[in-house]
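Subject: Structure for you to look at

Hello,

Here is the structure I promised, with notes on the points found in it.

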Amino acid sequence: MTHVFISYSSRHRELTRAFAARLDAEGYPVWWDHALEAWGPYEPQIAAALEAAAVVVVLWTEGALSSRFVRAE
């Protein structure tokens with residue numbers, strides 16, 4: 001299923017949670033790292049979610065600027 005992939009800094013998790021909830025309430029399926037399964041490596045899960053996404057949103061905050069994970073995504 002296609003969805004909105006949200007990339008963000010973990011320093012802004014509550015902002016991201018609120019944004020994701022708003023998109024979901026509007027009918028847009030959302031994927032962000034709270035959906036990661038603990039059973040395996042994260043990188044393949046993130047890559048698969050990015051590949052399946054219809055849209056990628058980056059919450060470009062000060063924390064995101066310094067996050068190597070946000071830049072990698």
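Buried means under 20% relative accessible area, exposed over 50%, and partly exposed in between (1.4 Å probe, protein chains only). At 40% relative accessible area, Leu65 is therefore partly exposed.

This is a predicted model, in which local features need pLDDT of at least 70 and side-chain atom pairs count only at pLDDT 80 or more, while totals for chains, interfaces and linings use all residues. Residues are numbered from 1 along each chain as its sequence is written, and side-chain values use heavy atoms, with hydrogens and water left out.

Leu65 lies in helix H3, residues 62-65 (helices are DSSP runs of H or I with at least four residues, strands are runs of E with at least two, both numbered from the N terminus). Ala18 belongs to helix H1, residues 13-25, and is also partly exposed, at 47% relative accessibility. Between the C-alpha atoms of Ala18 and Ser67 there are 20 Å, and the two residues are 49 apart along the chain.

The largest pocket (on a 1 Å grid over the protein atoms alone, an open set of points where a 1.4 Å probe fits, with protein on both sides within 12 Å along at least five of seven lines; lining residues have an atom within 4 Å of a point) has 19 lining residues. Nearest its centre lie Asp33, Ile46, Phe69, Val70 and Glu73. Strand S1 (4-7), helix H2 (42-52) and helix H4 (68-72) each give two or more residues to this lining, and H2 gives the most, with 4.

Regards
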